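Biologist: I have just opened this model and would love a friendly tour. Could you show me how to read its features?

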Amino acid sequence: MDRFIDDLMDRMTLEQKIGQLNLHSVSGSLTGMKLSDDDANLQAVREGKMGALYGSGNVHYLKLMQEEALKSGAGIPLMFGQDVIHGYQTIFPVPLALSTSWNMDLIERTASIAAKEASASGINWVYSPMVDICRDARWGRIVEGAGEDPFLGGEVAKAYVRGYQGPDNSLDNHHVMACVKHYALYGGAEAGRDYNSVFLSRQEALNGYMRPYQQAAYAGAGCYMSSFNEFEGIPASMNHYLLTELLRDRWGFDGFIVSDYTSVSEQIAHGIGDLQEVSARSLQAGLDMDMNADGFVGTLEKSLKEGRIKEADIDRACRRILEAKYKLGLFEDPYKYLDPSRESEIYTAENRAVARKVARECQVLLKNDGVLPLSKNARVAVVGPLAQNAQALAGSWSTGSHSGECVTLYDGIAEVVRSTYAEGSWLFLDKDLEEAVRYGMARSFMPGFVGAPLHTVPQERLIAEAVAKAREADVVVACVGETESMNGEAASRTDISLPDAQRELLKALKATGKPVVMVLVTGRPLILVEEDASMNAILNVWSPGSEGGHVVADVLFGDVNPSAKLTTSFPRSVGQLPLYYNHKNTGRPQSDYAPFKKFVSAYLDEINGPLYPFGYGLSYTTYSYSAPVLSAAEMPLNGSVTASVTVTNTGTRDGYEVVQLYIHDIYATSTRPVKELKGFRKVFIPAGESVTVDFPLTADDLSYYNHELQWVCEPGDFEIMTGPNSRDTQSVQLTVR
Ligand code: BGC
């Protein structure tokens, strides 16, 4: 590879080298304020001023563009990227939902199917996995990641990379290059407002947020995307510490880094300098490719002439991009991924069957007073604004053309039992807010856009119809929550309770006296205090993907025993945010569930703890946990111990249980969280049987980044805790010598 690229670069002009650093989207693909133009893109490709293109899965179009690239001066093939986030045409549950399966093999499988389908469409590079840790559910993009825990996030990140890039990063023509995003710390946006500043110390960043990015690098991810936010006062796309010192020098990453959508030019608004200045600084900090900002292609030559950058800076970035193309095999065969005959591999019945299997493991049962599972002889009223909404089940970032075909909740249920349907309510009482949710995107980019009128049927009438249906039924399934545009990018919310209009519906349903099962569609934790008190059952189905309605019916009628567990805390009040289980103790600690007391770290009007904790999720069976037992009470620094816990299925149904292990470093030279996840196992336990789960532990599991940012295990006492979630743990003490 080195010889090939040396030889190639010897023949390239400066302009051609800079051209490789440029990336544009196709005109239909839009996630920022800059619109692309397909004619201008074609011209740029012909002139060798484009290294990659993203946003199209039209294999015929991409083939034409590849032909043009090969005919241009240096004849270098293009890379074709796309936001393939949770499946391509076959849609899997949204990433936050996938993480609640705690099943890494399944997550890997979703990524490998996504890779197969995307590569059959000409795509060779996907903008995934998104591995940003988030502790604040106001941030809409919490839906795209794996939740609040860095250890779990690291495991999930590796699973995605394996799935996309193939075993041993083979990158054969059924696998694609992964792009890990958003590097770094984007999920730490202050107050959960998208694109907002991040204020974290390096130590807290390393301990609480960085592990998923690091693990993805260790797994061999080929590409990273720099994030929109600043860190330590320097925007990420020009942050030398992040892009070079940490990612490359410390973690050994040797791929290329692409900016996020116009994040290079956005550094002007960050207040750093003009386009030339921010482009030069980004390149020098270690950024290799500029997405849509035209900063590199527009100013680097000038900066070189003026001595603000060196040719070696350009060569370095260009080389990394050529290396990626080499690793993808594009120099050997530029048409490797451009095979129209592979169309039959997309959206197959087989892939949808996997989507159903996967989504079954992502259903979190939050409450059940015994009403679930439902009898298949019951008459069911399926009501609510999300009961017939396919797009909401596809969820945020469903860019494929089949997202409107997701099996709706009503259709899935109606296949199993006699059922009736009513819309039940508006999304929000506030029409302006509902318009912003439904038409915000169109209105932002199409001046004068007028959507279909909303609230044409009065809310009272919708509720009355639903109540009438409820009265004729044995049980009500109320389908409420968030549509796909209420979470995701640029969809932060200050009020994350269930929308008012839908709460009105639930109250009216409750008043009928019929049992009400709430099916929650959402991409983020919501505040469900009222619903937890009033509903007979709450099943959180997230945005479950292509087979959504079938999967929810599988669970509601007991063909599947739910096993998913939360990977984010569900707050009791928005005032608690940011809220996360692995918080510090403070000098005046208050336990999460204790009532108010003066002079401790607490609120007057709310307890500290969540409604549903990290790791929580119910099943149709019950489990009892033994206390953990250690193979030895002491461990030498270079040794290991095993923590064992026996879990018994005390109910009458077989089930899968996610057994969790947490640690607490009692005294350390820096303060440590009250609990940190360090192991988990998902095990099948037949009714009435017990399974013993062993967790091997070494110093590495007990280590953290100390004040000097060294990864250390400090001898002393540790609590080792096991249990079904982060709240209900039992512990044993381990001494490290
Ligand atoms: C998002 C990225 C995405 C990119 C390209 C940006 O606005 O932050 O996640 O990959 O657009 O669509």
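Modeller: Let's start at the ligand: one of its oxygen atoms is 2.8 Å from an N or O atom in the side chain of Glu-489. This is a predicted model, where local features need pLDDT of at least 70, side-chain atom pairs count only at pLDDT 80 or more, and totals for chains, interfaces and linings use all residues. Residues are numbered from 1 along each chain as its sequence is written, and side-chain values use heavy atoms, with hydrogens and water left out.

Biologist: Which distance separates a ligand oxygen from the side chain of Asp-83?

Modeller: An N or O atom of the Asp-83 side chain is 2.5 Å from an oxygen atom of the ligand. For Tyr-54, a polar side-chain atom lies 3.5 Å from a ligand oxygen. How much of the ligand does the protein bury? Alone, the ligand exposes 310 Å², and the protein buries 100% of that (areas by the Shrake-Rupley method with a 1.4 Å probe).

Biologist: Which residues around the ligand come nearest?

Modeller: Of the 14 residues around the ligand (a heavy atom within 4 Å), those coming nearest are Thr-31, Asp-83, Arg-141, His-182 and Asp-260.

Biologist: How do I read two packed helices?

Modeller: The general description uses the angle between the axes and the distance between them. Here, helix 6 (residues 104-119) and helix 7 (residues 150-165) pack at about 35°, with axes 7 Å apart. Axes are lines fitted to C-alpha atoms over the stretch in contact, with angles from 0 to 180 degrees between N-to-C directions. Helices are DSSP runs (H or I, at least four residues), as are strands (E, at least two), numbered from the N terminus.

Biologist: Which residues make that contact?

Modeller: Among them are Met-104 and Ile-107 of helix 6, and Leu-152 and Tyr-160 of helix 7 (contact means heavy atoms within 4.5 Å).

Biologist: Where should I look for unusual backbone?

Modeller: The Ser-128 to Pro-129 peptide bond is cis, with omega near 5°, and Pro-129 lies in the loop between strand 4 (125-126) and helix 7. Trp-102 has a positive phi of about 50° although it is not a glycine.

Methods:
Polar contact = N/O pair within 3.5 Å; in protein donor to acceptor, adjacent residues only side chain to side chain.
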